[in-house]
Structures are given as structure tokens and as C-alpha cells.
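Q: Please take a close look at the largest cavity in this model and at what surrounds it. I would like one connected account, in plain terms.

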Amino acid sequence: MTSDPSVYLLLRTHNRPEEFRRCIDSISEQSVIPEIIIISDDKNDNYINEVKLPHQIFRPLYKKPRWWIRHHNPFNDYFNQVLSIIPDGHFIYYLDDDDELVDTDWIKTVLEENTDLLIGRFQLGKTHKGKIIGKEVVRGKIGGSCIAIRSEIAREFKWPLIGAGDFFIISQIIKKYEPKFVSIVAGKVQKDLQHSWGARKSY
């Protein structure tokens, strides 16, 4: 375990420039800035180039065909690829471009808690009437942006190649690792839940 851990924030984006900018703005307000890895499978997402914060851009090893994208969540597979290059001894936090962080000390909290699996809370959008999730690991009441996890543990559990795999992977993790719950609302959906892999121009 490294003596100076960082939080790697994995931010997936596609064709949502305005939402992405708001998400980045919220990250920039953190009291501790994470190591940002922006995941994009489309080089036409030129808005990524506007980011001023230190960051890396991860391009997947391949791009799935349209028929595959209709039935799968390609960014789950991209998470698996990114996790393979992050060193042990750090922490992983997952975020989509249409989300934003609301607790300015969230990244700092992840480091201070220094636990295998930290579960915070997250606020949903209009359709769900601003519901807060993350109080328990139950389908529909937990999401990927509720958790911060040690990098070496994250690699043990492969994200499923389907949409909405958050509950599945978290439920697998807690079978082996004891979660620590905190009442902090880490972030929220900006407007409403959408495809986590962005608004595709065509399928």
C-alpha cells in the first residue's frame, strides 16, 4: 500500500458537452483535486480539450459496433480497461458526465476514511423526485457514484457488459469486503438519469 494514496476519478463522457462542463466545474471545487481520467470512445468529443484541471484521457482499445451498443453498456467494459492500468494502493471513484459533486470535501473524505469500500449518498433527479440513494445496498437504492473503493479491490470485480450493472458489482464486493457507510451526499444527477454512455447521435 502506497504511503501517499490518491483518488482516481473515472469520468466517462460522450456527446454531452454542457453536462460535462458542469461536472468538471464541480470537481474543480473539491478541497483535494483527484487524479482525473476522462473516458471517451469518440474523438469527436472535442469539448474534452477544454479541461484545465490536470487529467488523462483514456481511449478504449476498441470501439464496439452499433448493434452491440444498443444492447450493452460499452463504458462498463471501458471501466475494466482503465482499472487495469491504475496502481495498487489508491482509491477509485466513478462519475458520469451528467452528474456533479456537491460535497466539496468528498475526495478529501475518501482519503481520510482510508477504508476498503466507502459508501456515500447520491441524489437522483426530477423523475425520482430528488431521492437520496446510498443508505443501503439494495437494487434501486445504490449506484456506482455512491462508492469509493481501493484500486486493487476494484480490479477483482469486473463490471458486467450490460447497462445498470452498479447494484450487481457492489453486491458482489460487499460479500468479501465490509463497507463503511457515511451520511455525506457526495453528488447528484444534474437533471435526470440518462444513458450512462451519453447521447449517441445514432445507433
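A: Contact here means heavy atoms within 4.5 Å. With that cut-off in hand, helix 6 can be described in this predicted model. The buried residues of helix 6 are I169, I170, S171 and I173. Among the elements that cover these buried residues are strand 6 (117-123) and strand 8.

Next comes the cavity itself. Rolling a probe the size of a water molecule over the atoms shows where empty space is left. The count of cavities of 30 Å³ or more comes to one. The largest cavity holds about 40 Å³ of space. Its lining is made of Y94, I147, I149, A154, F157, W159, I169 and I173. Two elements give two or more residues to this lining, namely strand 8 (147-150) and helix 6 (166-173). Two names therefore appear both in the lining and among the buried residues of helix 6: I169 and I173. An α-helix has 3.6 residues a turn, so residues three or four places apart point the same way. By class, the lining has eight nonpolar residues, no polar ones and no charged ones.

One lining residue, Y94, leads to the nonpolar core. The largest nonpolar core has 56 residues, and L10, I27, Y93 and Y94 touch the most other members. Y93 shows what such a residue meets. Leaving aside neighbours within four places in sequence, Y93 is in contact with V7, Y8, L9, L10, L101, W106, F122, S145, I147, A148 and A186. Of these partners, I147 is also a lining residue of the largest cavity, and L10 is another of the core residues that touch the most other members.

The whole chain gives the setting. Its secondary structure comes to six helices and nine strands. Of its 203 residues, 52% are buried. Among contacts with a separation of 6 or more, 74% join residues 24 or more positions apart. The accessible surface of the chain is about 9,700 Å², and carbon and sulfur atoms account for 49% of that surface.

For a residue that is not buried, take S31, in the loop between helix 1 (17-28) and strand 2 (35-39). S31 counts as partly exposed because its relative accessibility is 45%. Outside its neighbours within four places in sequence, S31 is in contact with T104, D105 and K108. The C-alpha atoms of S31 and T109 are separated by 9.8 Å, with the two positions 78 residues apart along the chain as counted by their separation.

Definitions and conventions. Residues are numbered from 1 along each chain as its sequence is written. This is a predicted model: local features need pLDDT of at least 70, side-chain atom pairs count only at pLDDT 80 or more; totals for chains, interfaces and linings use all residues. Side-chain values use heavy atoms; hydrogens and water are left out. A nonpolar core is a set of buried Ala, Val, Leu, Ile, Met, Phe, Trp, Tyr and Cys residues joined through side-chain atoms within 4.5 Å. Buried means under 20% relative accessible area, exposed over 50%, partly exposed in between (1.4 Å probe, protein chains only). Helices (H or I, at least four residues) and strands (E, at least two) are DSSP runs, numbered from the N terminus. Accessible areas come from the Shrake-Rupley method with a 1.4 Å probe; for residues, only the protein chains shown count as cover. On a 1 Å grid over the protein atoms alone, a cavity is a set of points where a 1.4 Å probe fits but cannot get out, and a pocket is an open set with protein on both sides within 12 Å along at least five of seven lines; lining residues have an atom within 4 Å of a point. Grid points are joined across faces, edges and corners, and a volume is the space filled by probe spheres set on the points. Ala, Val, Leu, Ile, Met, Phe, Trp, Tyr, Cys and Pro count as nonpolar, Asp, Glu, Lys and Arg as charged, and the others, Gly among them, as polar.
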